Amino acid sequence: MRATLRQAARATVHLLLAAAMAFGSYLFITVLLIAATGAVTGVGIWLLPETVLLIRRIAGAKRRLTASWTGREIPEAYRTVTGPLRERLRTTAGDPGTLTDLRWMGAYYAYGWLTVLMLPLWPAGLLVDGVRRGLLGREALVLPLLVRLADLEAGWSAALLSPSPKALLASRVEQLTATRADAVTAHGAELRRIERDLHDGAQARLVALSMRIGLAQRAYGADPDTARKLLSDAQDQAEEALTELRHVVRGIHPPILTDRGLEGAVRALAGSSGLGVTVRTDRLPDRPRAPAAVESAAYFVIAEALTNAAKHSGSDRTEVVLARSRTGLSVRVRDEGCGGVDESAGSGLLGMRRRVAALDGTVRVSSPAGGPTVIEVELPCVW
């Protein structure tokens, strides 16, 4: 009986919240009618985008309420409403997600009253089920109807609020457009960085090297000692220029990735990081290897994460986990530092997100104050 009461109580809480939301939607119909009238007459047409955004928030709250009962998330698929009024109107009017929300709200206006059926079920359930369970030892009959009622209400809401294939496609197109723009921006920034490194580093050293060789040629006949010193300096500058070029090449694509694979490259990176890094691999075979672009992205993600840990975390211990999944490659970097990572403070996470998003991957960062900081990256690929 206690388990039955707990389930009925949980269903009642869900139904009460659904009833409150239904009552709010009844009141919101007035606002919706005002916005529709204003849009038709042109007087309050500016209210339409704001009303649609408000509907999105109401529908989002209903999705979360339904997901908490069913245990299954209901995705959202909306176009971003930005820009001047004309563009905002065009976006809200042509968004398939708007039609989905309006369809749900109209249906909820009709089936939202079902939640009031819970009121007579409780006294009847306590009486009938108390006798059946307490005296007769039989299964409860009335109180489980509350659970079924909550299931019915949540099922209808989930079906009505699930985005249509057209809405999912539109959301996907918008996401890919943003990802492509970020990838182009990141590519341009990378080209400018390479150009700057070549101009300020290797090119400057090569110019100085050429000048010293020229001076050595002039001084060779009259002052051999000075010429030898100039040639020795030129050799040092040549070695420094080679070091600069290797650094630039590693910034484009580390040769160690090609030679030793991702695991070997990460272990070498961990050994030179100055931290106590533990590298673990889970089902990561030598063959077949992940695509070169995926390995490169994973390498640079780990390099950036280790650099951030060394600079900001205050911890000397870091763990790196590489794992093969059915759909791709997963990377996990954890440090026991102070946490509190602020992505807007130039921590390198924005560049990391752009690099991963260009491959349709995902980045999750958990960094509460006091630590630990955990960066999880999923890179899709075919093995």
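The paragraphs below lead through several helices and residues of this structure, which is a predicted model.

Helix α1 covers residues 2-41 and contains Leu5. With a relative accessible area of 31%, Leu5 is partly exposed, because that value falls between the limits of 20% for buried and 50% for exposed. Leu5 and Leu143 stand 138 residues apart along the chain, yet a distance of 7.4 Å separates their C-alpha atoms.

The next helix to consider is α2, which runs over residues 47-70 and includes Arg63. The relative accessibility of Arg63 is 4%, so this residue counts as buried. Its side chain takes part in a polar contact of 2.8 Å with the side chain of Tyr78. A polar atom of the Arg63 side chain also lies 3.0 Å from the backbone oxygen of Leu161. Leaving aside residues up to four places away in sequence, Arg63 touches Ile74, Pro75, Glu76, Tyr78, Asp101 and Leu161. Tyr78 and Leu161 thus appear both among the residues touched by Arg63 and in the pairings just described, Tyr78 through its side chain and Leu161 through its backbone oxygen.

Further along the chain, helix α9 comprises residues 255-271. A straight helix of 17 residues would span 24 Å, whereas the end C-alpha atoms of α9 are only 17 Å apart. The helix has a kink of about 120 degrees, centred on Gly261. Gly261 is itself one of the buried residues of α9, which also include Leu257, Leu262, Gly264, Ala265, Val266, Leu269 and Ala270. Among the elements covering these buried residues are the strands β1 (276-282), β2 (317-324) and β3 (328-335), together with helix α10.

Helix α10, residues 292-313, is also a packing partner of the buried residues of α11. In α11, which spans residues 349-357, Leu349, Met352 and Val356 are buried. Viewed down the helix axis, these buried residues fall within an arc of 55 degrees, so they line one face of α11. A general property of helices is relevant here: an α-helix has 3.6 residues a turn, so residues three or four places apart point the same way. Besides α10, the buried residues of α11 pack against β4 (362-366) and β5 (373-380).

Finally, the cysteines may be considered. Cys338 has a relative accessibility of 42% and therefore counts as partly exposed. Cys381, by contrast, has a relative accessible area of 11% and is buried. The number of disulfides in the model is 0, where a disulfide requires a pair of cysteine sulfur atoms within 2.5 Å.

Terms used:
Residues numbered from 1 in each chain as written. Predicted model: local features only at pLDDT ≥ 70, side-chain atom pairs only at ≥ 80, totals over all residues. Heavy atoms only, no water. Helix = DSSP H or I, 4+ residues; strand = E, 2+ residues; numbered from the N terminus. Buried < 20%, exposed > 50% of the residue type's maximum accessible area, 1.4 Å probe, protein only. Polar contact = N/O pair within 3.5 Å; in protein donor to acceptor, adjacent residues only side chain to side chain. Contact = heavy atoms within 4.5 Å. Arc of directions from axis to C-beta. Expected span 1.5 Å × (residues − 1). Bend = angle between axes of the 7 residues up to and from the residue.
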